[in-house]
Amino acid sequence: MLFSKFMAERFEYEGNDSLHLFKWDIKHWIGNDEHKLYLKTEGDYSADQGIFGRADLQMLYSRNISTFWDFQIGARRAFEPERTFDAVIGFQGLAPYSIEVDSAAFITENGNLLGRLNLGYELLLTQRLILQPRIEVNVAAKDIENRGVKAGVTEFEAGMRLRYEIEREFAPYVGFDYVEEESLREHHHSVRFVVGMRFWY
Amino acid sequence: MKIACRRFFFFVLWLCHLGVGLACADTYTLTVAEKSVNLIGTKQTAIVANDSLPAPTLHWREGEEVTLHVINRLQEQTSIHWHGIVLPYQMDGVPGVSFSGIEPGQTFTYRFRLKQNGTYWYHGHSGMQEQQGLFGALVIDPVHPRQKVERDYVLLLSDWPEADPYRTHARLKKQSDYYNFQKRTVVDFFNDISKRGFAETLSDRLDWGQMRMEPTDFADVTGATYHFLVNGQTPEMNWTGLFGPGDRVRLRIINASAMTHFDVRIPGLTMRVIEVDGQPVIPVDVEEFRIAVAETYDVLVEPKADRAYRLFAEAMDRSGFAAATLTPKIGLLAQMPTLRPLTLLTMADMGPMHGGGHAGHADHQAMPMSGMAEQPPDAEHAEHAAPPNHSMHEGHDASMPATQTEAEAPMRHTEAPAMGSYKVLSYQHLMAAAPNREWRQADREITLRLTGNMYRYIWSFDDIKYSESEPIRVKFGEHIRFTYVNETMMNHPIHLHGLWQYLDNGNGAYNPKKHVINVPPGKTVSVIVVADAEGEWAFHCHLLYHMDAGMFRKLIVEKREHAGR
Ligand SMILES: [Cu+2]
């Protein structure tokens, strides 16, 4: 039997004095217990400048390899900042202590290697009020001149979201993110306030 | 010699049946159709038989030749399974196993002779129809009535969902803890620290975290969507049974739920358990018993006071309850008991899962028969309140390891067994009222691991889902010891169609026979199955969504000739 799940994990406004962004992090899968087709999209849109900072779409085949883990393989199409194609290999699942893990390695056309690791945890304050710390790290194996990417940690995000599950499927949240970005051209870090909603069906 | 005896016995049986059968060959008709109901304040579509929710109680007689027409007025296939009834397998009513199902607009005629008496039930075995209202009670009167009672009531427990069951199933696949609103919170963490100390609390949390499980995970589908019913009525509707002064009241309690185990009690009344799964047992007096999905318990109560009593059936996970009233006059109400707090699962319940996922199957061999002694969570303090003769039973039961040979067990209760009295009933207390003549050592053993993946909501036997499984084959006449090893954290009520399971609770020839055996989390339970009915039988966990997800097998009892020796 086939099942599917659409999940907007993050659908939010993020900002501070100098920054106003809309961000999304959406996954959609369809499949059975063993085999799933995954669509993942992430990105941000700057309201001030009217441009997308980042936007990509991944299409992955996901294979259940153990109780808590899926192996994923597929392709990523980035639309912003520039149009690129990468191959994707990753693991997604639940680590001990119920830490949600989404990891991916991206192999660019020129054979460069990028990595992304997402860790999340859910802390129940009540049955419906849930605090969710999360970390995202992006790394690059070497410099990629044309993308402005500098080897090492290119982006580090640590944040906290407090959501209230009005229904399991619908939960508005508030929170903050600490973001550090490192590239060949610049380095900056900032703290941002977040408000958004998490919904799925 | 033995065979001759047996033939003669069957011949006599056949003569009897012929006699009774001729006297009472009755015909019944059930029409399965959709119906709009309003049980919970909104209109919902139910699937009903003869326009009734639950389906009508069928009263049959032992020895009767039943002819029953089932007419399908649905847009989809239907079927009816006679739960616990020994019959030719083509009449068992499981589409894809024993027959091809009943197509829309078609009529199927069930025909079988009743070889048994007692309390049973029937239900749809297609799609989610059982969850949608297609279930009813079966009461089969014995040829020679044993127990004269003034009142005789059927109490059919069930769980009624707010959402369409397919949606419920899909939600579980998307988020398996969707319906658990009793998870451990940060507040509980601090409460535990003040009660048990920081180190112990932390180590407990780490243990559970390591396994990625929740100690409150008793039920996949809970009171968050379920309304619990007695005879199709909510606690507010309050199904009521009348009794007169000095009456002995027989309650036929049937758990027709899709997913819910109940802890049943009637505050103020002691229940004398006389039959379990339709089979007479040596009477046991209890204050409370746990009824797994699809089990039946017949109890006698003798209300003395001129007041009402409340039958209170708490869902095992304490997320809700069903209730009904027994009263000498209409309008009299008894106080509604309150739900007791949930007792958490412990690491001990996790058995083989603890600390190593699914590794370490070797431990099972050495595991004591704790499965049988399993009691409702609050049984612990109940033990202290139990009267003296309690220790007499528990004494030798507790000391009995699983490895004990069957040969020494039957001697145990050959003297007229005394009636027990317990606060909470456990499988350990059940003894057949009459010895099983066929009782002997099993010819072989089949270990069936009850497996699952709670995170992805996959259920299976031996890690293989039904869709990918081969049938289990046994030979006609074989005695097979099935050992169920529960490697999950859920209870699984294991149901075998067409054949009895003799629960090995150490009583030898007095081991009770059942159609459903509940196996608690992390426990091991053994049964002996006498393959005395040829054909293809369904063998599955009776939790509807577990069955649907793959915790199901076909069991084939082959003719001896086919066995190829
Ligand atoms: Cu089950």
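**Exercise 1. The nonpolar patch**

Identify the residues that make the nonpolar surface patch of about 760 Å² in this predicted model, and work out which elements contribute to it.

*Solution.* Begin with the members from chain A, which are Tyr97(A), Ile99(A), Leu117(A), Leu119(A), Tyr121(A), Leu123(A) and Ile135(A), and then add Phe198(B), Leu202(B) and Leu206(B) from chain B. Next, assign these residues to secondary structure: β8 (113-120) of chain A and α4 (198-211) of chain B are the elements that give two or more residues to the patch. Of these, α4(B) provides the largest share, with 3 residues, and Leu202(B) is placed in this helix of chain B.

**Exercise 2. The contact between the chains**

Describe the contact between chain A and chain B in terms of its residues, its buried area and its polar interactions.

*Solution.* Start with the participants: chain A brings 30 residues to the contact, while chain B brings 28 residues. The size of an interface is often expressed as the accessible area that is lost when the parts come together. Here the area buried between chain A and chain B is about 2,700 Å², and carbon and sulfur atoms give 55% of that area.

Turn then to the polar interactions, where 20 residue pairs are in polar contact between chain A and chain B, both residues of each pair being at pLDDT 80 or more. On the side of chain A that touches chain B, at least two residues each are supplied by β1 (3-16), β4 (51-66), β5 (69-80), β6 (84-95) and β9 (123-124) of chain A. Sorted by class, this side of chain A comprises 14 nonpolar, 8 polar and 8 charged residues.

Finally, consider the salt bridges, of which there are 5 between chain A and chain B; in one of them, the side chains of Lys465(B) and Asp33(A) meet at 2.8 Å, N to O.

**Exercise 3. Backbone geometry**

Locate the cis peptide bonds that end at Pro81(A) and Pro54(B), and place the positive phi of Asp277(B) in its structural setting.

*Solution.* As background, most peptide bonds are trans, and most residues other than glycine have a negative phi. The bond between Glu80(A) and Pro81(A) is cis, with omega about 0°, and Pro81(A) belongs to the loop between β5 and β6 of chain A. In chain B, the peptide bond from Leu53(B) to Pro54(B) is cis with omega near -5°, and Pro54(B) sits in the loop between β2 (44-49) and β3 (55-61).

The last step concerns Asp277(B), which is not a glycine yet has a positive phi of about 55°, and which is found in the loop between β14 (271-276) and β15 (279-291) of chain B.

Definitions and conventions
Residues numbered from 1 in each chain as written. Chains lettered and ligands numbered in written order. Predicted model: local features only at pLDDT ≥ 70, side-chain atom pairs only at ≥ 80, totals over all residues. Heavy atoms only, no water. Contact = heavy atoms within 4.5 Å. Buried area = accessible area lost by both parts, 1.4 Å probe. Salt bridge = Lys/Arg side-chain N within 4 Å of Asp/Glu carboxyl O. Polar contact = N/O pair within 3.5 Å; in protein donor to acceptor, adjacent residues only side chain to side chain. Helix = DSSP H or I, 4+ residues; strand = E, 2+ residues; numbered from the N terminus. Nonpolar A, V, L, I, M, F, W, Y, C, P; charged D, E, K, R; others polar. Patch = residues over 30% accessible without salt bridge, like charges linked within 9 Å, V, L, I, M, F, W, Y side chains within 5 Å. Areas by Shrake-Rupley, 256 points an atom, 1.4 Å probe, with all protein chains shown as cover.
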